[in-house]
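Student: Could you take me through one part of this protein slowly? I would like to see how the sheet is put together and what packs around the sheet.

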Amino acid sequence: PAAGVDPGVPNRLGSDRVRVRAYTPELEPGGSAWATLVWAHGGSFVRGTLDCPEADWVSRHFAEAGVQVYSVDYVLISDTVKAPAPSNDVAAVFQWAASRVAPSSPLVLGGASDGGHLAVLAALAQAEAARDGDGRAADAVLLEYPTLHRVQRPDPALAAATAALPEQRRFDSARIAQMYASYLGDGAAPSVDAIAGEMPAARLALLPPTTM
């Protein structure tokens with residue numbers, strides 16, 4: 001837990017230190033990466049490691065394409081860790097990466113599934129900080145099948161397709177709701193910073209160009 005956190009209260013601040021794995025592209029002598037990507041894996045907020053395919057496989061392929069990648073081992077949601085601790089970890093790594101990148105080099109935030117959600121929150125936090133003269137905002141956001149809403153709109157065709165999937169891959173409305181309940185904490189009202197899909201459009205407009 002972060003320093004100063006009451007052990008009887010869930011950690012909503014993030015980690016004192018965040019583990020990061022760097023993937024450096026092979027470059028010609030004197031060459032440089034054409035962009036830097038801070039990447040967050042998926043795992044329903046509660047699982048996933050730097051070795052899972054959404055972290056390692058993806059990062060290796062970006063590096064092969066000439067991108068410097070920093071894969072984030074953000075703190076996972078548990079009985080003692082709740083939102084927005086994971087996104088704070090992603091934002092902290094982005095701030096660290098920004099201090100190492102030339103101003104002219106593109107700096108991107110991205111993630112898969114819940115990692116995409118965390119990337120959006122981190123990007124918004126950085127956009128607001130940069131607007132106030134504190135640090136650099138992301139130049140772009142890259143989202144792979146992100147989860148952004150805790151409530152799914154009724155869709156009979158989607159529900160039928162979901163029901164046909166193996167149970168471990170069946171993210172129906174009940175499972176999504178349960179995932180977000182764990183993320184927020186029992187009885188917790190979501191703060192304005194907690195759920196990307198519930199933010200006002202004016203705030204989401206602060207995001208840089210975003211590819212989903």
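Tutor: Happy to; we will begin with the sheet, then visit the helices, the cores and a few unusual spots in the backbone. Please keep in mind that this is a predicted model.

Let us start with the order of the strands. Six strands make up an open sheet, and going across it you meet them as 1-3-2-4-5-6, with mixed pairing. The edges belong to strand 1 (19-23) and strand 6, and each of these has a single partner strand, so one side of each has no neighbour in the sheet.

At one edge, strand 1 pairs with strand 3 in the antiparallel sense, over five bridges. To find this pairing in the picture, look for Arg19, whose bridge partner in strand 3 is Asp73.

Now move towards the other edge. Strand 4 (residues 107-112) and strand 5 (residues 140-144) run parallel and are joined by five bridges. Here you can use Leu109 as a landmark, since Leu109 stands opposite Val141 in strand 5. Strand 5 also runs parallel to strand 6 (residues 210-211), and two bridges join them. In that pairing, Leu142 is found opposite Thr211 of strand 6.

How does the chain get from strand 4 to strand 5? Helix 3 (residues 114-131) belongs to this connection: strand 4, helix 3 and strand 5 form a β-α-β unit, and the unit is right-handed. In the loop between strand 4 and helix 3 you will find Ser113. The phi of Ser113 is near 55°, which is positive although the residue is not a glycine. Ser113 has a relative accessible area of 19%, and since buried means under 20%, Ser113 counts as buried.

Next, the helices. Helix 1 (residues 56-64) has four buried residues: Asp56, Val58, Ser59 and Ala63. These residues lie on the same side of helix 1, because the arc they cover around the axis is only 165°. Trp57 and Glu64, on the other side of helix 1, are exposed. Strand 1, strand 2 and strand 3 are among the elements that cover the buried residues of helix 1. Just past the end of helix 1 comes Gly66, with a positive phi of about 95°.

Helix 5 (173-184) can be read in a similar way. Its twelve residues should span 16 Å at 1.5 Å a residue, and the end C-alpha atoms are indeed 16 Å apart, so the two values agree. The buried residues here are Ile176, Met179, Tyr180, Tyr183 and Leu184. Their arc around the axis is only 125°, which means that they sit on the same side of helix 5. The face turned away from that buried side carries Ala174 and Gln178, which are exposed. As for what the buried residues of helix 5 pack against, look to helix 3. Just after helix 5, Gly185 has a positive phi of about 105°.

With these pieces in place, we can look at the cores. The largest nonpolar core has 40 residues, and those that touch the most other members are Val38, Phe45, Val90, Phe94, Leu109, Tyr180 and Tyr183. At least two residues of this core come from each of strand 2 (35-40), strand 3 (67-73), helix 2 (85-98), strand 4, helix 3, strand 5 and helix 5. Another core lies apart from it, with ten residues that include Tyr23, Trp39, Ala63 and Leu142.

Two of the residues named for the largest core deserve a closer look. Leaving aside residues up to four places away in sequence, Phe94 touches Val38, Leu107, Leu109, Gln126, Arg136, Ala137 and Ala138. Phe45 sits in the loop between strand 2 and helix 1. The phi of Phe45 is near 75°, another positive value in a residue other than glycine. With a relative accessibility of 1%, Phe45 counts as buried.

One last stop is the loop between strand 3 and helix 2, where you will find Pro84. The peptide bond that leads from Ala83 to Pro84 is cis, and its omega is near 5°.

Technical notes
Residues numbered from 1 in each chain as written. Predicted model: local features only at pLDDT ≥ 70, side-chain atom pairs only at ≥ 80, totals over all residues. Heavy atoms only, no water. Pairing = 2+ DSSP bridges. Right-handed = clockwise from strand over helix to strand, strands pointing away. Core = buried A, V, L, I, M, F, W, Y, C linked by side-chain atoms within 4.5 Å. Buried < 20%, exposed > 50% of the residue type's maximum accessible area, 1.4 Å probe, protein only. Contact = heavy atoms within 4.5 Å. Expected span 1.5 Å × (residues − 1). Arc of directions from axis to C-beta.
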